[in-house]
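User: I would like a close look at one part of this model. Please keep it brisk, then set that part beside the rest.

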Amino acid sequence: MSEKRLQEYKEELVFLQTVREKEVAQQIKEARSFGDLSENSEYDEAKIEQGKLYSKIAEIKNLIENAEIVVASAANDVVGMGSFVTVKDLELGEVETYEIVGSQEADPAALKISDDSPFGSALMDNKEGATVTVEAPAGALQFEIIKIK
């Protein structure tokens with residue numbers, strides 16, 4: 001993942017461990033004040049929320065501990081991590097610019113594609129002007145790399 005994404009995870013972890021954990025603890029405290037815990041749905045919901053919170057905290061800690069920071073490719077003549085690649089769909093004629101990112105940062109709706117995805121891996125290590133073929137459920141799709149930044 002990028003250094004920026006790692007920093008976002010660290011900030012989210014701090015938020016969850018401070019602000020969110022206090023909110024959930026307060027919910028549990030309030031639910032306890034309602035009396036009998038065996039029939040207290042507010043208490044049950046608060047405990048479930050606490051479990052989800054601790055699970056999310058553990059997941060983010062694991063991501064941070066095992067993160068491998070990927071530095072954007074220094075060469076602008078080939079597609080690599082951090083590259084912005086403008087491609088033309090040779091069948092439809094549509095042109096789009098994608099950013100090549102790690103799997104943790106992938107967001108196809110924001111045009112951020114993982115280097116591990118079929119499309120991302122097909123683009124990797126190619127130069128401007130190259131035609132790449134991507135195997136998709138609908139069949140083989142061909143794209144021309146117009147620009148790498």
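In which helix does Ala122 lie? Please start there and work outward.

Analyst: This is a predicted model. Ala122 belongs to helix 3, which covers residues 118-123. Its relative accessibility is 19%. Buried means under 20%, so Ala122 counts as buried.

Now its surroundings. Set aside the neighbours within four places in sequence, and Ala122 is in contact with Val132, Thr133 and Val134. Take Val134 from that list. Val134 and Ala122 are 12 residues apart along the chain. Their C-alpha atoms are separated by 6.3 Å.

Next, helix 1. Helix 1 runs over residues 3-32, a total of 30 residues. At 1.5 Å a residue, helix 1 should span 44 Å. The end C-alpha atoms of helix 1 are 42 Å apart, which agrees with that expected span. Helix 1 also bends, by about 35°, at Leu16. Leu16 is itself one of the buried residues of helix 1. The others are Leu6, Tyr9, Leu13, Arg20, Val24, Ile28 and Ala31. The partner for this buried set is helix 2 (41-65), against which the buried residues of helix 1 pack.

Last, a pocket. The second largest pocket holds about 170 Å³ of space. Its lining has 12 residues. Nearest the centre of the pocket lie Met1, Glu68, Gly102, Ser103 and Gln104. By type, the lining of this pocket divides into five nonpolar, four polar and three charged residues.

Definitions and conventions:
Residues are numbered from 1 along each chain as its sequence is written. This is a predicted model: local features need pLDDT of at least 70, side-chain atom pairs count only at pLDDT 80 or more; totals for chains, interfaces and linings use all residues. Side-chain values use heavy atoms; hydrogens and water are left out. Helices (H or I, at least four residues) and strands (E, at least two) are DSSP runs, numbered from the N terminus. The expected span of a helix is 1.5 Å times one less than its number of residues. The bend at a residue is the angle between axes fitted to the seven residues ending there and the seven starting there. Buried means under 20% relative accessible area, exposed over 50%, partly exposed in between (1.4 Å probe, protein chains only). Contact means heavy atoms within 4.5 Å. On a 1 Å grid over the protein atoms alone, a cavity is a set of points where a 1.4 Å probe fits but cannot get out, and a pocket is an open set with protein on both sides within 12 Å along at least five of seven lines; lining residues have an atom within 4 Å of a point. Grid points are joined across faces, edges and corners, and a volume is the space filled by probe spheres set on the points. Ala, Val, Leu, Ile, Met, Phe, Trp, Tyr, Cys and Pro count as nonpolar, Asp, Glu, Lys and Arg as charged, and the others, Gly among them, as polar.
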